[in-house]
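Student: I should like to learn how to read the features of a structural model. Could we work through a case together?

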Amino acid sequence: MNPATALATVLVDELVRCGLTDVVVAPGSRSAPLALALHAESRVRLHVRIDERSASFLALGLARRAERPVALICSSGTAAANFHPAVVEASESGVPLLVLTADRPPELRGTGANQTIDQIKLYGSAIRWFAEVGVPEDRPGQVAYWRSLACRAYQRASGPAAPGPVHLNLAFREPLIPDGDTSWCESLGSDANGPWVRARVAPPPIALHIPPTRRGVLVVGDGAANVRRYVAAAGMAGWPVVSEPNGGGRYGDHAVSTYHYLLGTPEFADAHRPDVVVTLGRPGLSRPLLSWLRRAGEHIVVATDLDRWPDPTRSATQVAQAVEIPVASGDDTWLHAWRQADQAARSAIDEVLDASGTSEPRLARDLVDAIPNGALLFCGSSMPIRDLDQAMRPRRGLRLLANRGASGIDGLVSSAMGAALAHNGPSYALMGDLSFLHDQNGLILGPREPRPDLCLVVVNNNGGGIFSLLPQAAVRDPFERVFGTPHGVDLGYVAASTGTPYQLVEDLSDLPKALRGEGPRLVEVRTDREANAVVHARLREAAHAAIRDCVT
């Protein structure tokens with residue numbers, strides 16, 4: 001057996017023993033040993049994509065939803081460089097990825113050989129661990145090295161405290177395909193029933209105990225862990241729960257869904273400074289929330305990894321791996337004030353949205369209301385997630401994900417495809433037209449590839465809608481070209497080019513019907529950027545007025 005085939009065979013077997021179930025491969029020559037070993041491995045689900053960037057975000061979506069490592073494989077050269085944006089997002093959002101890049105052997109590096117770049121620590125600080133595996137050789141001891149290396153890589157990607165991407169760079173000499181010879185200097189198999197190395201998970205951390213108080217608030221952002229336990233504890237303590245849609249805590253009687261407007265109203269924010277705020281995950285959608293956090297007396301950040309705690313406002317006073325929120329005695333004046341203002345703001349918001357016709361925040365609200373329990377909703381990182389944050393009512397039975405680690409708009413179609421493939425139930429995605437066009441290659445599926453049940457809902461305002469709500473909109477002369485970036489693309493033709501079923505929704509009352517179907521499909525909703533800015537202004541004015549009336 002040639003060394004390249006031996007290494008690939010052993011590495012794949014050991015990763016499967018560790019728990020690997022899904023692998024994404026981008027085609028290439030130098031990575032042939034890995035691709036062939038995976039194709040022959042019946043214990044994994046193989047996904048092939050022709051575009052490395054699409055492949056990497058597909059793996060990201062799979063791993064994010066499955067919450068376990070997914071392997072990502074490519075050839076050498078710029079193929080590996082195209083993984084970088086997804087690796088960055090995985091690092092920032094704590095998604096476990098196993099990045100296996102094939103490489104030229106040392107004697108071909110720096111010589112001008114085709115498809116050869118410096119791949120040593122290619123992704124810099126964005127990875128949890130890097131290993132230059134070395135050229136495989138037919139000598140005793142290699143199998144133990146390869147299997148222990150695979151176990152270490154899988155465990156480092158998994159966490160548990162700090163999951164994220166791991167990079168193995170594998171140099172292969174030719175021949176790259178099996179030669180028919182199965183002999184090797186030692187057994188390639190393993191006598192173990194499971195992994196070569198079993199890593200034991202550390203015991204749960206000792207929780208930080210908070211003094212009992214009714215004047216507390218639980219804030220839940222992206223990537224939060226143990227959300228249900230903390231939401232239940234906050235409910236017992238009489239605390240309001242402020243959760244971003246992708247935080248997973250916007251449900252139940254204590255959920256305050258209009259917090260963006262409540263905390264943007266000075267009369268309410270000044271009168272409702274808490275004794276303590278406990279933050280899970282990474283909040284970052286609402287500027288009023290971030291400003292309010294800076295004024296919190298005690299701000300406790302819960303972070304499983306004490307080397308990487310999120311604190312964008314620099315307001316944290318304590319950081320702990322776990323927190324105990326005790327039941328507090330006393331009246332419900334604090335919680336009642338939050339709920340009363342929330343209900344007033346919610347009524348004002350819904351009244352504006354119901355009168356707005358086909359608007360982007362109304363689409364976000366109505367989409368969440370229309371999709372069934374047990375569904376997955378993957379949301380774009382620009383305006384769609386903010387529209388959800390400001391318009392979405394509390395509800396149960398929905399899994400909502402977004403690429404909010406680095407908050408880029410790239411790779412969203414592919415990420416949604418991956419998340420849908422890992423989800424056991426119907427899946428939906430909400431994104432803008434620029435995000436969709438940025439990753440339209442994500443629609444390309446080969447005839448033998450697993451096909452997700454995913455409905456992509458694309459808001460088409462012919463450009464970058466978020467900029468119309470930012471100070472850049474005041475610079476009228478260059479705005480449309482350098483910020484608005486109109487494209488004039490007919491999304492129906494984009495869908496047709498890949499055979500993706502397509503439907504245009506002109507009236508949001510037709511949305512529930514348009515969402516029906518199976519497999520990958522596209523629903524387009526067209527809006528106007530300037531009209532959308534007006535709707536947002538009306539929402540803000542109506543909500544703030546209702547909150548002031550409630551406070552005074």
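Tutor: The following dialogue takes up burial, contacts, salt bridges and empty space in turn. Please keep in mind that this is a predicted model.

Student: Let us begin with burial. Is Ser-190 buried or exposed?

Tutor: A residue counts as buried when its relative accessible area is under 20%. Ser-190 has a relative accessibility of 14%, so it counts as buried. As for its place, Ser-190 belongs to the loop between β6 (165-171) and β7 (208-209).

Student: Which residues does Ser-190 touch, not counting those up to four places away in sequence?

Tutor: Ser-190 touches Arg-17, Arg-147 and Trp-196. Within its own loop neighbourhood one may add a polar contact: the side chain of Ser-190 reaches the backbone nitrogen of Ala-192 at 3.2 Å.

Student: Can burial also be read for an element? Why is helix α14 described as largely enclosed by the rest of the structure?

Tutor: One counts the buried residues of the element. Helix α14 covers residues 412-422, and 10 of its 11 residues are buried, so the helix is largely enclosed by the rest of the structure. The buried residues of α14 are Leu-412, Val-413, Ser-414, Ser-415, Ala-416, Met-417, Gly-418, Ala-419, Ala-420 and Leu-421.

Student: What of Phe-483, and where is it placed?

Tutor: Phe-483 is placed in helix α16, residues 476-484. Its relative accessible area is 24%, so Phe-483 is partly exposed. Leaving aside neighbours within four places in sequence, Phe-483 is in contact with Gly-464, Phe-467, Gln-472 and Pro-478. One can also read a backbone separation: the C-alpha atoms of Phe-483 and Ser-468 are 8.5 Å apart, while the two residues are 15 positions apart along the chain.

Student: I turn now to charged pairs. How many salt bridges does a search of the whole structure find?

Tutor: The search finds 29. When reading a salt bridge, one may consider both the distance between the charged groups and the accessibility of each partner. In one of them, the side chains of Asp-366 and Arg-365 meet with an N to O distance of 2.9 Å. Both partners are buried: Asp-366 has a relative accessible area of 15%, and Arg-365 has one of 3%.

Student: Which residue forms a salt bridge with Asp-369?

Tutor: The partner is Arg-393, and the closest N and O atoms of the pair are 2.2 Å apart. Asp-369 lies in helix α12 (residues 360-370) and Arg-393 in the loop between α13 and β15 (398-402), so the pair ties together parts that are 24 residues apart in sequence. Asp-369 is partly exposed, at 39% relative accessible area, and Arg-393 is partly exposed, at 27%.

Student: What is the accessibility of Glu-524, and of its partner Arg-526?

Tutor: Glu-524 counts as buried at 0% relative accessibility, whereas Arg-526 counts as partly exposed at 44%. In their salt bridge, the closest N and O atoms of Glu-524 and Arg-526 are 2.9 Å apart. Salt bridges can also share partners: Arg-346, Asp-350, Asp-354, Arg-362, Arg-365, Asp-366, Asp-369 and Arg-393 are joined in this way into one network.

Student: How does one find where empty space is left?

Tutor: The general idea is to roll a probe the size of a water molecule over the atoms, which shows where empty space is left. As an open case, consider the second largest pocket, with a volume of about 610 Å³. Its lining holds 21 residues, and His-260, Arg-287, Gln-390, Leu-469 and Leu-470 lie nearest the centre. Two or more lining residues come from each of α8 (259-262), α10 (287-293), α13 (383-391) and α19 (529-551). The largest share, five residues, comes from α19. By class, the lining of this pocket has 11 nonpolar, seven polar and three charged residues.

Student: And how many cavities of 30 Å³ or more does the structure hold?

Tutor: The structure holds two. The largest cavity contains about 40 Å³ of space, and its lining divides into six nonpolar, three polar and one charged residues. At least two of its lining residues are supplied by each of α10 and β11 (299-302). The second largest cavity contains about 30 Å³. Val-12, Leu-15, Leu-20, Val-23, Leu-38, Ala-71, Ile-73 and Leu-100 line the second largest cavity, and by class they are eight nonpolar, no polar and no charged residues.

Notes. Residues numbered from 1 in each chain as written. Predicted model: local features only at pLDDT ≥ 70, side-chain atom pairs only at ≥ 80, totals over all residues. Heavy atoms only, no water. Helix = DSSP H or I, 4+ residues; strand = E, 2+ residues; numbered from the N terminus. Buried < 20%, exposed > 50% of the residue type's maximum accessible area, 1.4 Å probe, protein only. Polar contact = N/O pair within 3.5 Å; in protein donor to acceptor, adjacent residues only side chain to side chain. Contact = heavy atoms within 4.5 Å. 1 Å grid on protein atoms, 1.4 Å probe; cavity = no way out; pocket = protein on both sides within 12 Å on 5 of 7 lines; lining within 4 Å. Points joined across faces, edges and corners; volume = space filled by probe spheres on them. Nonpolar A, V, L, I, M, F, W, Y, C, P; charged D, E, K, R; others polar. Salt bridge = Lys/Arg side-chain N within 4 Å of Asp/Glu carboxyl O.
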